Structure formats: structure tokens, C-alpha cells
Amino acid sequence: MAENVQVAVQQKKLSVVSQVKNILAQENVKKRFQDVLGQKAPQFMASLVNVVNGTPALKQCDPNSIMAAAFVAASLDLPIDNNLGFAALVPYDKSMKDASGQWHKVKMCQFQLMYRGFVQLAIRSGEYAKMNCSEVYEDELIRYNPITGECEFIDDFSNCKQRMDGEYGKIIGYYAWFRLRSGFTKELYMSRNEIENHARKYSQAYRYDLQKDKQSSKWTTDFDAMAKKTVIKLLLSKWGILSVQMQQAIQDDQKMYDEDGNESYGDNQPDMDDAADPFVKALEDPAEDVEEIDITQ
């Protein structure tokens, strides 16, 4: 018993990066990654250490939570380097009750699939002939019918200067489109207002950023990528052919993991007890201030 306590104390003194390295050095963990990634396992494990080391907020998460989220990305064979835009490990603050019934904040790690990840999984399925998603500038759209979902864009883009000049303030919406090998096509356009309403409805982190003038949510720091993810995810999940791997990805997207590796959802599937959660209440009531809430969607 004394030895176990001493080991636990020693582990606490180690940085999260060191603890992640120690976990990855275990033979059973190496084997688990090798079973799903094969020869790419060493590269993925090295990138995991780099991501944690380069993300200050992840260094506050429990290492087991990080490992659980990372293994989801590994099982989908998607890189977790944020610069690549396929998948990300996102720190997420969640308030929970302890054994005494007191609320406290716990920083958990969330697996998040990005729009390039959805495109990659669709390509792997072999069902799609073509697909794309993009921002839409004011001088590119002729008309959009929200009832039929049909869009009409200009034929000659040579006269469209807003995209070329990088006038991001002129982005009016986001568009995703695919054509199956069978010939079936489907498209989805959402105006910027529709995207913002979606973010406000489903992301507590985004609402918090707007209320507190913060920069903690991916919706705030990378609105363009999150908007593209929204249109491609909604389009594929409603109209696309979903491989087993893509069904798993949609199910696992935005899952959080605690120190024991238990799964839960953040914004998209709130717990029934959220109404009693003082941190969630603070997000809904700007008059009530809870310091240092740093939840990320």
C-alpha cells in the first residue's frame, strides 16, 4: 500500500508530457497502437507527444484522458496535428460533482473531427466520385433556394475579386457538395447567419466567448474551419453513404474522456444535470460571473 501511494505521488510530480511519454513506453500500449496503425504507429505516437507538448491547455488534462482521445484518432487513422486539419485533441473544462456533492472543474480531453477528416473518410469509402466544401463570397453566389436546397453560382469566376483579394468580410456562407459513383449528387449551403446560429445553439464555449469577449473556443479562433466542418458533417450524415468507419467518426466526434477513460459529450449532448451546474448556468446568465472558465468546442 505504501509503495502504491509513493508511486502515485511520484507520478503527480511528473509533467503531463512526461506521463504521456511513460504511458507510450509501455509494451501493451505500443501494441495497441501498432494493432490499428501498423508501421505508422511510431510516427503517430511521436506526434501525440509533440501535440501535448505544444498545447499548454492539454498539459493540464489528465494523461489517461489524452490517451483515450488519441486512440480514437488512431483507430480512424487520422493525424492529430492541428495544422493538418484532420482531427484534433481539444482541452475542455467540465464541471462535475465530487463524492461530497461539491461542484469542481475538471479539464478533460475531447476528440474532435475536422472537415478534412470527414473528406478523408468519405474518400476511403470508395463511394464518392467527387466532393468539396468551401466558403462562399458575396460576388460568387447568384441565388439560393432554402426550400429546395439548390444553389446557383456564377459561371465565370474571372471577375470575382473578393476571394482573390482575401476580403474575408465578404464571406456570406459555406457550401458542401458531393457526387456518388452512382451519379447521385447533393449539396448544402448555409449562410453565415445560419452557421452562427448553429454555433450559438450547440456550442456553450462560443456563447461564453461572445458574452465574455474571450478567445477560448475553436468557433472563435478558427470560425472558417468549424463552419466548413458543419456543412460537410450535416451533408454527409444526412445524405451521404456512411461507411462503418465514418459512422464511428460521427459518433465519436466531440466525445470527452475523463481520467478513467469514460466517455461523455460536451455541448452536443448535455447532461440532464446541466441545469443545476453552476458553470453552465453562468454561460446562460451573463450576470453571473465564474472566473477562468476555459471550455473549448
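Trainee: How far is the sulfur of Cys61 from the closest cysteine sulfur, and which residue holds that one?
Mentor: Good place to start, and keep in mind that this is a predicted model. Cys61 counts as buried, at 2% relative accessibility. A disulfide needs two cysteine sulfur atoms within 2.5 Å, and the gap here is too far for a bond. The closest sulfur is 5.3 Å away, in Cys109.

Trainee: How many disulfides does the structure hold?
Mentor: A disulfide is a covalent bond between the sulfur atoms of two cysteines. The sulfur of Cys61 is too far from that of Cys109 for such a bond. For the structure, the number of disulfides is 0.

Trainee: Is Cys133 buried or exposed?
Mentor: The cut-off helps here: buried means under 20% relative accessible area. Cys133 has a relative accessible area of 10%, so this residue is buried.

Trainee: Let's move to Gln110. Where does Gln110 lie, and what is its relative accessible area?
Mentor: Gln110 belongs to strand E2, which covers residues 103-113. Gln110 is buried, and its relative accessible area is 0%.

Trainee: Which side chain makes a polar contact with the side chain of Gln110?
Mentor: Let me first place Gln110 in space: Pro91 is 19 residues away in sequence, yet the two C-alpha atoms are 6.1 Å apart. For the polar contact, look along the chain from Gln110 to a side chain at 2.9 Å. That partner is Gln112.

Trainee: What span should helix H10 have, and what is the distance between its end C-alpha atoms?
Mentor: Helix H10 runs over residues 223-239, which makes 17 residues. At 1.5 Å a residue, the expected span is 24 Å. The end C-alpha atoms agree with this, at 24 Å.

Trainee: How many residues of H10 are buried?
Mentor: H10 is mostly covered. Among its buried residues are Phe223, Met226, Val231, Ile232, Leu235 and Leu236, and the lysines Lys228, Lys229 and Lys233 are buried as well. The count is 12 of 17.

Trainee: Leu236 caught my eye. How many residues does the largest nonpolar core have?
Mentor: Leu236 is one of the residues with the most contacts inside that core, along with Leu24, Phe33, Leu48, Ile66 and Leu89. Leaving out residues up to four places away in sequence, Leu236 touches Phe118, Ala122, Tyr128, Met131, Phe178, Leu242 and Met246. Apart from this core lies another of 5 residues, including Val136, Leu141, Cys151 and Tyr175. The largest core has 63 residues.

Trainee: Phe178 and Met131 both touch Leu236. How many bridges join strand E3 to E6?
Mentor: Met131 stands opposite Phe178 in E6, and Glu135 has Tyr174 as its bridge partner there. Strand E3 covers residues 128-137 and runs antiparallel to E6. The number of bridges is 9.

Trainee: How many residues of E3 are buried, and how many of E6?
Mentor: E3 is largely enclosed by the rest of the structure, because 7 of its 10 residues are buried. Strand E6, residues 171-180, is mostly covered too. For E6 the count is 7 of 10.

Trainee: On the E7 side, which residue in the turn between E6 and E7 has a positive phi?
Mentor: E6 and strand E7 (residues 185-191) pair in the antiparallel sense over 7 bridges. Phe178 stands opposite Lys186 in E7. The two strands form a hairpin with 4 residues between them, and the turn residue with a phi of about 105° is Gly183.

Trainee: What is the phi of Asp77?
Mentor: Asp77 sits in the loop between helix H5 (63-75) and strand E1 (87-97). At 27% relative accessibility, Asp77 counts as partly exposed. Its phi is positive although the residue is other than glycine, with a value near 55°.

Trainee: Is Asp213 buried or exposed?
Mentor: Asp213 is found in the loop between helix H8 (204-212) and helix H9 (218-221). Asp213 is not a glycine, yet has a positive phi of about 55°. With a relative accessible area of 69%, Asp213 is exposed.

Trainee: To finish, what percentage of the residues of the protein count as buried?
Mentor: The protein has 12 helices and 9 strands. Among contacts with a separation of 6 or more, 64% are between residues 24 or more positions apart. Of the 297 residues, the buried share is 44%.

Conventions
Residues numbered from 1 in each chain as written. Predicted model: local features only at pLDDT ≥ 70, side-chain atom pairs only at ≥ 80, totals over all residues. Heavy atoms only, no water. Buried < 20%, exposed > 50% of the residue type's maximum accessible area, 1.4 Å probe, protein only. Polar contact = N/O pair within 3.5 Å; in protein donor to acceptor, adjacent residues only side chain to side chain. Expected span 1.5 Å × (residues − 1). Core = buried A, V, L, I, M, F, W, Y, C linked by side-chain atoms within 4.5 Å. Contact = heavy atoms within 4.5 Å. Pairing = 2+ DSSP bridges.
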